[in-house]
Amino acid sequence: MRYLIFVTLLWAFSFNLIGVYLAGQVDSYFAVLTRVILAGLVFLPFTRWRGVAPGFIAGVTLVGALQFGVTYLCLYMSFNVLTVAEVLLFTVLTPLHVTLIDDALNRRFNPWALVAAAVAVFGAGLIRYDGVSGDFLGGFLLMQLANFTFAAGQVFYKHLAQRYPSDVPLHRRFGYFFLGALVIVLPAWLLFGNAEKLPTTTTQWAVLIWMGVLATAVGQFCWNKGATLVDAGTLAVMNNMAVPVGLVLNLLFWGTTTNLLMLAVGGAIILASLWLNRLGQMKAQ
């Protein structure tokens with residue numbers, strides 16, 4: 001749990017940095033590419049290729065393509081049409097993606113997850129009750145794709161670690177993750193990147209370095225290692241903890257206007273959805 005709690009705090013703060021200093025100012029594709037390259041350089045000295053099962057290497061490469069490559073391309077694009085608070089709120093369905101994907105891999109089905117998903121959507125709707133624009137809907141759909149690929153990546157990694165036990169520590173078998181991310185991100189930058197929107201200030205470069213070294217290299221490894229140490233239900237719940245933490249940080253440090261009453265009511269409903277999901281998991285056991 002300590003790994004997941006640490007990364008929750010790290011990512012909640014990082015969400016705000018993206019929204020304040022990068023979104024709409026620095027090309028999204030370049031920002032993601034920079035993060036992947038920096039994180040890959042951090043893990044390059046540790047990465048072992050010999051003595052590691054080829055299936056594990058291929059699997060972690062796929063996890064990186066999904067959990068970082070596709071997820072963060074969608075995430076950064078969503079910041080162009082959504083506020084930081086909205087992006088945080090639209091991650092609320094990630095726990096349900098985790099649950100459903102884990103059920104699929106274990107060849108079981110828990111209908112409680114669908115009930116919990118409906119309750120979570122209602123809670124998020126209460127928080128964002130003031131109308132839905134076209135950009136808002138597009139951003140929501142982007143975030144749901146990001147939620148799915150992020151959930152799929154961490155669940156797959158948990159199963160890979162169980163399927164391929166090894167004396168080689170996990171930090172020496174994680175560098176392939178960033179290779180998989182690079183396979184997605186580099187072509188995206190070459191095809192769609194805007195070279196006229198590169199970082200222009202020291203602050204923007206500093207945020208990119210923070211995101212690459214801490215939020216990506218340290219954060220992705222610690223989160224996935226934490227995923228291997230807890231059950232799927234706990235992992236699902238922890239996926240939502242960045243939402244309230246991020247909103248509180250957004251309010252405290254950047255003074256974003258928030259309807260505290262609706263935030264509290266909607267947040268309570270979202271927490272209730274997680275309880276329903278957990279209850280369903282216990283009944284299914």
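Let's start with the lining of the second largest cavity: seven of its residues are nonpolar, one is polar and one is charged. Keep in mind that you are looking at a predicted model.

To see this lining, select Trp11, Ser14, Phe15, Ile18, Arg35, Tyr72, Leu75, Met211 and Ala215. Show them as sticks and hide the rest for a moment. Which elements give two or more residues here? They are H1, H3 and helix H9 (202-227). Colour H1 next, since that helix gives the most to this lining, with four residues. The space they surround has a volume of about 60 Å³.

Now bring the whole structure back. How many cavities of 30 Å³ or more does a search of it find? Two, and the other stop on this tour is the largest cavity, which holds about 230 Å³ of space.

Select Trp11, Phe15, Thr91, Phe150 and Asn239: of the 16 residues that line the largest cavity, these lie nearest its centre. Trp11 and Phe15 should look familiar, as they also line the second largest cavity.

For the helices around the largest cavity, pick out helix H1 (2-22), helix H3 (54-78) and helix H7 (134-163); each supplies at least two residues of the lining. Give H7 its own colour, because you'll want to follow it: H7 gives the most to this lining, with four residues.

Last, colour the lining of the largest cavity by class. What turns up there? You get 10 nonpolar residues, six polar ones and no charged ones. Flip back to the second largest cavity and you'll find one charged residue in its lining.

Methods:
Residues numbered from 1 in each chain as written. Predicted model: local features only at pLDDT ≥ 70, side-chain atom pairs only at ≥ 80, totals over all residues. Heavy atoms only, no water. 1 Å grid on protein atoms, 1.4 Å probe; cavity = no way out; pocket = protein on both sides within 12 Å on 5 of 7 lines; lining within 4 Å. Points joined across faces, edges and corners; volume = space filled by probe spheres on them. Nonpolar A, V, L, I, M, F, W, Y, C, P; charged D, E, K, R; others polar.
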